[in-house]
Amino acid sequence: MTHRDDLQRMLDRLATEVQAGLHENPDPDAFWPTFATQSNFVLEAAGPEHFDWVSSEVSSILMKHGISVPEA
């Protein structure tokens, strides 16, 4: 299991990659597959102990950039 400090670094990197990815290619069809892969990596590293916190942080990253999660 990953420690919270490590998870925070992973989340910071994810936030940076989201910003860069949106700048390079604002097409949502290109954004979501990449984001899903990157965010799932962090969520899996969180394990059950930190999953809820990491999930909330991932949602905050999306909200910060004005991104709505598409309907399933």
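**Exercise 1.** Is Phe 35 buried or exposed?

*Solution.* Keep in mind that this is a predicted model.
- Step 1: look up the relative accessibility of Phe 35, which is 5%.
- Step 2: compare that with the cut-off, where buried means under 20%.
- Step 3: Phe 35 therefore counts as buried, given its 5%.

**Exercise 2.** Work out which rings Trp 32 pairs with, and how they are arranged.

*Solution.*
- Step 1: a search through the whole structure turns up three aromatic pairs.
- Step 2: one of them joins Phe 31 to Trp 32, with 5.0 Å centre to centre and 75 degrees between the planes. Planes over 60 degrees apart count as edge-to-face, so that label fits Phe 31 and Trp 32.
- Step 3: Trp 32 also pairs with Phe 35, this time at 5.8 Å centre to centre and 90 degrees between the planes, again edge-to-face.
- Step 4: place the second pair on its helix. Trp 32 and Phe 35 sit three residues apart in helix H2 (residues 28–64), about one helical turn.
- Step 5: put the pairs together, and Phe 31, Trp 32 and Phe 35 form a cluster linked by ring pairs.
- Step 6: check accessibility. Phe 31 is buried at 9%, while Trp 32 is partly exposed at 22%.

**Exercise 3.** Find the salt bridge and say where its partners lie.

*Solution.*
- Step 1: count first; the structure has one salt bridge.
- Step 2: name the partners. Arg 9 bridges to Asp 6, and their closest N and O atoms are 2.4 Å apart. The cut-off is 4 Å, so the pair qualifies.
- Step 3: map them. Both Arg 9 and Asp 6 belong to helix H1 (residues 4–24), three residues apart, or about one turn of the helix.
- Step 4: see how open they are. Arg 9 has a relative accessible area of 47% and Asp 6 has 29%, so both are partly exposed.

**Exercise 4.** Which ring does the charged end of Arg 4 sit over?

*Solution.* Follow the side chain of Arg 4 to its charged end: the ring beneath belongs to Trp 53, and its centre is 3.9 Å away.

**Exercise 5.** Describe the largest nonpolar core and which helix gives the most to it.

*Solution.*
- Step 1: this core has 17 residues.
- Step 2: pick out the members touching the most others, namely Leu 7, Leu 11, Val 18, Phe 35 and Val 54.
- Step 3: sort by helix. H1 and H2 each provide at least two residues, and H2 contributes the most, with eleven.
- Step 4: for background, nonpolar side chains in soluble globular proteins tend to be buried together.

Technical notes: Residues are numbered from 1 along each chain as its sequence is written. This is a predicted model: local features need pLDDT of at least 70, side-chain atom pairs count only at pLDDT 80 or more; totals for chains, interfaces and linings use all residues. Side-chain values use heavy atoms; hydrogens and water are left out. A salt bridge is a side-chain nitrogen of Lys or Arg within 4 Å of a carboxyl oxygen of Asp or Glu. Helices (H or I, at least four residues) and strands (E, at least two) are DSSP runs, numbered from the N terminus. Buried means under 20% relative accessible area, exposed over 50%, partly exposed in between (1.4 Å probe, protein chains only). Rings of Phe, Tyr and Trp (its six-membered ring) pair if their centres lie within 6.5 Å; planes under 30 degrees apart count as stacked, over 60 as edge-to-face and the rest as tilted. A charge sits over a ring if NZ of Lys or CZ of Arg is within 6 Å of the ring centre and within 35 degrees of the ring normal. A nonpolar core is a set of buried Ala, Val, Leu, Ile, Met, Phe, Trp, Tyr and Cys residues joined through side-chain atoms within 4.5 Å.
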